[in-house]
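Here are some exercises to work through with the model open in your viewer. Try each task before you read its solution.

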Amino acid sequence: MNPVAASFAWPFRGDWFPKWVAGVVIVLLLPVAFVLLLGYSVAATRAASADASAGPPRWAVSPRLLTDGFWISLAVLLITAPFALAAGPLATLIDQAHVWTVSDPALSPVYANLAAAFALALPWGIVLLVLMPHATARFSTSGRPLDLFDFPRALRGVAADFSTWNLAAAAIVTAWAIGLACVGLLCVGVVPGVFYAILVSAHATAALNTKVAHLPAG
């Protein structure tokens with residue numbers, strides 16, 4: 001089976017139930033447990049790279065889990081910052097353009113901010129998909145923060161094997177679509193859906209690990 005296609009079943013391999021119970025609790029504790037959850041996503045990527053047949057790793061709060069979560073959080077914030085800074089000016093431009101007419105003028109800035117957020121969401125997601133999978137795959141095995149922030153090397157990874165990255169990105173996007181859709185699916189809820197998306201993303205990212213080992217550092 002294609003290793004990326006196997007990502008969708010991987011969250012249920014091995015002794016998965018207790019790991020899911022802990023994972024759902026951690027997702028419920030967001031944003032307090034944001035670093036823990038991201039640290040676990042790195043551990044899951046590392047576990048999938050080492051032995052995918054064993055399923056997701058067990059939860060164990062350790063210095064490495066916290067450190068990995070911190071560095072991943074910092075990388076995501078670094079990528080997000082330009083889009084967050086652009087949101088305000090873009091909302092102002094949209095508001096001044098009078099794209100819509102509302103009966104209550106106080107609502108106009110609200111709609112403008114929503115429109116700006118939606119307009120920036122797609123390019124933000126694309127940048128994350130291009131930069132983070134290869135960087136996370138490399139960081140999960142090396143543990144070196146510089147590997148995580150070597151974005152030029154991540155771009156070279158996409159160019160070197162676009163087909164594998166494309167499959168991994170498709171799996172990640174599909175998993176998050178499924179996970180977020182769980183909010184209205186059979187009352188399953190968005191919380192386990194988010195954890196499922198994290199596990200699928202970790203396994204899909206691990207498929208890139210064999211592709212990044214020989215890329216020159218930037």
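**Exercise 1. Find how far apart Asp 68 and Arg 64 lie in helix H3, then follow the salt bridges of Asp 68.**

Step 1. Asp 68 and Arg 64 are both in helix H3, separated by four residues, or about one turn of the helix. Helices here are DSSP runs (H or I, at least four residues; strands are E, at least two), numbered from the N terminus.

Step 2. The Asp 68 and Arg 64 side chains form a salt bridge, at 3.5 Å from N to O. The term requires a side-chain nitrogen of Lys or Arg within 4 Å of a carboxyl oxygen of Asp or Glu.

Step 3. Asp 68 also meets Arg 46 in a salt bridge, again with 3.5 Å from N to O. This pair links distant parts of the chain, with Arg 46 in helix H2 and Asp 68 in helix H3, 22 residues apart.

Step 4. Now check accessibility, where buried means under 20% relative accessible area, exposed over 50%, and partly exposed in between (1.4 Å probe, protein chains only). Asp 68 counts as buried because its relative accessibility is 3%. Arg 46 has 22%, so it is partly exposed, and Arg 64 has 36%, so it is partly exposed too.

A note on the source: this is a predicted model, in which local features need pLDDT of at least 70 and side-chain atom pairs count only at pLDDT 80 or more, while totals for chains, interfaces and linings use all residues. Residues are numbered from 1 along each chain as its sequence is written, and side-chain values use heavy atoms, with hydrogens and water left out.

**Exercise 2. How many salt bridges does the whole structure hold, and which residues form a network?**

Step 1. Searching the whole structure gives four salt bridges.

Step 2. One of them joins Asp 147 and Arg 144, with 2.9 Å from N to O. Asp 147 is buried because its relative accessible area is 7%, whereas Arg 144, at 48%, is therefore partly exposed.

Step 3. Through shared partners, salt bridges connect Arg 46, Arg 64 and Asp 68 into one network.

**Exercise 3. Count the aromatic pairs, then describe the geometry of Phe 12 with Trp 20.**

Step 1. There are 14 aromatic pairs in the structure. Rings of Phe, Tyr and Trp (its six-membered ring) pair if their centres lie within 6.5 Å; planes under 30 degrees apart count as stacked, over 60 as edge-to-face and the rest as tilted.

Step 2. Phe 12 and Trp 20 are stacked, at 5.2 Å centre to centre with 15° between the planes. Phe 12 is partly exposed because its relative accessibility is 40%, while Trp 20 is buried because its relative accessible area is 10%.

Step 3. Tyr 40 and Trp 59 are stacked as well, with 3.9 Å between centres and 5° between the planes. Tyr 40 sits in helix H2 and Trp 59 in the loop between H2 and helix H3, 19 residues apart. Both Tyr 40 and Trp 59 are buried.

Step 4. Ring pairs gather a cluster whose members include Phe 12, Trp 20, Tyr 40, Trp 59 and Phe 195.

**Exercise 4. Where is the pLDDT below 50?**

Step 1. Start from the chain average, a pLDDT of 89, with 90% of the residues scoring at least 70. The pLDDT is the predictor's confidence in each residue, from 0 to 100.

Step 2. Residues 212–218 are below 50, and this stretch has 16 contacts (heavy atoms within 4.5 Å) beyond near neighbours in sequence.
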